[in-house]
Structure formats: structure tokens, C-alpha cells
Amino acid sequence: ELWDLNADETLVLVAGAGLAAAGALGTTLRERGLVPTDVSSGIAALRLIGPKARAILEEHTAIDLSAAALADGRIAFGPLASVQVTLARRDRQGTPGFTILVDRDLAEHVWDSLEHTGKAHGLVPAGCWVEG
């Protein structure tokens with residue numbers, strides 16, 4: 001997945017592709033004169049998808065999550081569950097979806113907060129993936 005951060009920076013998230021695919025992507029980027037920086041060792045990615053995803057997140061952040069402020073394909077930075085995160089919007093077939101990138105050491109705290117709030121909204125964990 002790709003999100004433009006500004007005119008000369010793009011966030012690329014390679015999920016579940018494995019180290020070989022990520023390495024090939026890095027090679028391709030370098031061949032095009034781009035400089036990739038791998039930050040995966042310190043970052044965890046959480047995905048929240050569904051019609052109530054925005055409502056769950058809004059209970060933990062002051063970031064404006066409206067479609068006008070954080071449209072599909074856009075990215076925001078700020079606090080979520082009292083932790084600084086990168087929050088990227090990527091809808092799936094019209095269903096709101098958010099990727100939360102957080103310091104690996106703080107990911108469990110963020111997930112626990114979302115899970116606690118999400119119970120009232122019918123949140124169901126759907127799975128996980130681990131790069132390695």
C-alpha cells in the first residue's frame with residue numbers, strides 16, 4: 001500500500017509479502033533513484049476495517065477522521081490512545097479502513113484500548129500477520 005506523505009516522501013507498507021518481496025521492492029526503488037528506508041523493526045501495523053471503524057477510533061483520538069479531513073488514501077499523524085501514531089486511511093470496496101502504524105513497544109497498549117472500546121461496537125479480531 002502507498003500513501004503520499006508530501007511531495008518527495010511516500011510511505012510504502014508491504015504486508016505479508018515476506019522479506020524477499022520487500023527486498024525486491026527496495027532494489028526497484030533504488031534503480032529508479034529513490035532512497036528506501038526500512039523502519040519495520042520498530043513499527044507495528046494494526047488494521048481496523050468496517051462500518052464502525054471510525055466510531056471506534058474517534059473514542060481514542062482528536063484527529064479529524066471525517067471523509068473531508070482524512071479521505072481514502074490520505075494519512076494523518078497524532079495521538080491515538082495517548083500514543084503518537086501514523087493513521088492511514090484505505091477503504092476496501094466502500095468500507096472504511098484504517099492502518100495504524102505505532103511504535104512496536106506500544107502496539108499492545110493501542111490494541112488493548114481499541115479492543116476494549118470496540119466490544120461495544122461489535123469489534124471482532126480477524127487475524128494477524130507477522131513479518132519475519
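Two strands count as paired here if DSSP finds at least two bridges between them, a handy rule to keep in mind for the views of this predicted model.

**View 1. Strand 5 and strand 6 side by side.** Strand 5 (83–89) and strand 6 (residues 97–103) meet that rule, joined in the antiparallel sense over 4 bridges. For a landmark, look for threonine 86, whose bridge partner in strand 6 is leucine 101.

**View 2. The open sheet.** Here we step back to 4 strands, arranged in the order 3-6-5-4 with antiparallel pairing. Strand 3 (43–49) and strand 4 (75–80) each have a single partner strand and stand at the edges, so one side of each has no neighbour in the sheet. From one strand to the next, the twist averages 30°.

**View 3. Strand 3 against strand 6.** This antiparallel pair is held in register over 7 bridges. Isoleucine 43 makes a good starting point, as it stands opposite aspartate 103 in strand 6.

**View 4. Strand 6 and its surroundings.** Of the 7 residues of strand 6, 6 are buried, so this strand is largely enclosed by the rest of the structure. The cut-off for buried is under 20% relative accessible area.

**View 5. Helix 3 over the sheet.** Helix 3 (residues 107–118) lies across strand 3, strand 4, strand 5 and strand 6. Relative to strand 6, helix 3 runs at about 145°.

Note on methods. Residues are numbered from 1 along each chain as its sequence is written. This is a predicted model: local features need pLDDT of at least 70, side-chain atom pairs count only at pLDDT 80 or more; totals for chains, interfaces and linings use all residues. Side-chain values use heavy atoms; hydrogens and water are left out. Helices (H or I, at least four residues) and strands (E, at least two) are DSSP runs, numbered from the N terminus. Axes are lines fitted to C-alpha atoms, for helices over the stretch in contact, and angles run from 0 to 180 degrees between N-to-C directions. Contact means heavy atoms within 4.5 Å. Buried means under 20% relative accessible area, exposed over 50%, partly exposed in between (1.4 Å probe, protein chains only).
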